Amino acid sequence: MTTSSLISTLKVSEERQRLIQPFANCTKDVFSMMLNWETELTGIFSMDGFVSQYDCSGFIGVSGALQGSIVVSVDQIVAFAAAEAFLGSRPNSINAEVIDMVGELTNMIAGAGKDRIGIAGIALGLPTVITGRGHTVTFANSAHVEILQFSSPHGPFTVEIGVRGLKNATSKSK
Amino acid sequence: MKVLVADDSGIMRKIIVRSLNSVGVTDIVEAANGQEAIDRFKETPVDLILTDWNMPEKSGLDVVIEVRAMGSQVPIIMVTTEAQKGQVIAAIQAGVNDYLTKPFEADDLRAKLDKFVTV
């Protein structure tokens with residue numbers, strides 16, 4: 001199912017689409033261009049808090065017109081396969097290179113999503129990576145949270161966007 | 001030909017180094033942040049700089065501004081997730097010669113390198 005048809009099937013509101021569509025598209029592009037992986041958006045969830053199911057999460061802070069964070073969470077198996085695709089050799093633990101790779105994937109997804117969302121004045125911080133099975137990702141209560149679930153050839157992963165200010169954010173001039 | 005590669009991501013530096021190797025460049029200096037890039041540049045003259053924008057200590061834009069303030073005309077390629085028009089203009093005004101946005105395909109990077117690499 002394509003991103004558009006999934007959004008249509010789930011009857012996602014236009015306001016939510018404004019956030020979901022750019023990040024869904026840029027996530028697919030990052031994995032396709034940098035890893036040569038085909039990924040599919042398989043689910044969209046909107047909630048206030050979320051317990052990550054995966055082993056490794058990359059975070060980037062968002063400030064300016066929107067405030068919050070963007071999180072990319074991957075399972076160890078997906079992280080190892082992605083590191084192998086980047087480096088040519090497969091790691092056997094979540095080492096510094098795997099952490100660096102998750103941080104860079106997060107950086108590229110957040111950066112590309114920021115540009116495609118069409119809102120002026122968004123700034124991103126530097127990526128941080130947290131590891132450990134069962135770690136919890138909790139967004140501020142006032143944040144609008146979208147969790148995008150993807151499938152990849154090596155397993156599922158999520159992109160989580162938790163931001164405030166979406167209603168009042170102005171579009172960029174062309 | 002000596003090339004300076006500045007990116008706080010070791011993975012991204014490896015990707016760029018691999019691409020440089022593929023076009024025959026093996027004399028490569030690496031820096032993990034903007035200040036380190038400026039320090040390396042002061043120590044060793046290079047023929048090309050590839051720099052990320054968002055780095056700790058000093059940004060890639062700071063690197064460009066400082067390198068140009070030293071009077072150097074070395075070609076600089078900015079390799080970054082920053083793709084908004086205003087930022088591209090700011091980078092070019094600061095003295096960037098070319099601009100590549102992440103994510104990119106290997107061929108995109110090689111095409112940029114082909115413009116500046118003389119081996």
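In this predicted model, helices α1(B) and α5(B) pack against each other with their axes 10 Å apart and at an angle of about 60°. An angle of this size is neither under 35 degrees nor within 65 to 115 degrees, and the two helices α1(B) and α5(B) are therefore oblique to each other. The crossing of α1(B) and α5(B) is right-handed. On the side of α1(B), the contact is made by B:Ile16, B:Ser19, B:Leu20 and B:Ser22, and on the side of α5(B) by B:Ala106, B:Leu109, B:Arg110 and B:Leu113. By residue class, this contact of α1(B) with α5(B) divides into 5 nonpolar, 2 polar and 1 charged.

Both helices also lie across strands of chain B. Helix α1 of chain B, residues 10–22, lies across β1 (2–6), β2, β3 and β4 of that chain and runs at about 160° to β1(B). Helix α5 of chain B, residues 106–116, lies across β3, β4 and β5, and its direction is at about 170° to β5(B). Strands β3 and β4 of chain B thus appear in the description of α1(B) and again in that of α5(B).

The sheet of chain B is an open one, in which 5 strands follow the order β2-β1-β3-β4-β5 with parallel pairing. Its edges are formed by β2 (27–31) and β5 (98–101) of chain B; each has a single partner strand, so one side of each is left without a neighbour in the sheet. On average, neighbouring strands of this sheet are turned by 15° against each other, direction ignored. One pairing inside this order is that of β3 (residues 48–51) with β4 (residues 76–80) of chain B, which run parallel and are joined by 3 bridges. Within this pairing, B:Ile49 has B:Ile76 of β4(B) as its bridge partner.

Chain A also contains paired strands, and β4(A) offers a way into them. Strand β4 of chain A, residues 67–74, is mostly covered, with 7 of its 8 residues buried. One of its pairings is with strand β3 of chain A (residues 56–64), in the antiparallel sense and over 7 bridges. The strands β3(A) and β4(A) form a hairpin with 2 residues between them, and A:Val62 has A:Gly68 in β4(A) as its bridge partner. Strand β4(A) is also joined by 8 bridges to strand β9 of chain A (residues 157–164), and these two run antiparallel. There, A:Val72 is matched with A:Val159 of β9(A).

A single residue gives a view of a helical part of chain A. A:Gln21 is placed in helix α2 of chain A, which spans residues 14–35. Is A:Gln21 buried or exposed, or does it fall in between? It has 18 C-beta neighbours inside 10 Å, whereas a buried residue needs 20 or more and an exposed one has 12 or fewer; A:Gln21 therefore counts as partly exposed. Leaving aside residues up to four places away in sequence, A:Gln21 touches A:Thr3 and A:Ile7. From A:Gln21 to A:Ser32 the separation is 11 residues in sequence and 17 Å in space, C-alpha to C-alpha.

The two chains finally meet: 16 residues of chain B are in contact with 17 residues of chain A. On the side of chain B that touches chain A, the residues divide into 7 nonpolar, 5 polar and 4 charged.

How values were computed
Residues numbered from 1 in each chain as written. Chains lettered and ligands numbered in written order. Predicted model: local features only at pLDDT ≥ 70, side-chain atom pairs only at ≥ 80, totals over all residues. Helix = DSSP H or I, 4+ residues; strand = E, 2+ residues; numbered from the N terminus. Contact = placed C-beta atoms within 7 Å. Pairing = 2+ DSSP bridges. Axes fitted to C-alpha atoms, helices over the stretch in contact; angles between N-to-C directions. Parallel < 35°, antiparallel > 145°, perpendicular 65-115°, else oblique. Left-handed = near helix turned anticlockwise from the far one by under 90°. Nonpolar A, V, L, I, M, F, W, Y, C, P; charged D, E, K, R; others polar.
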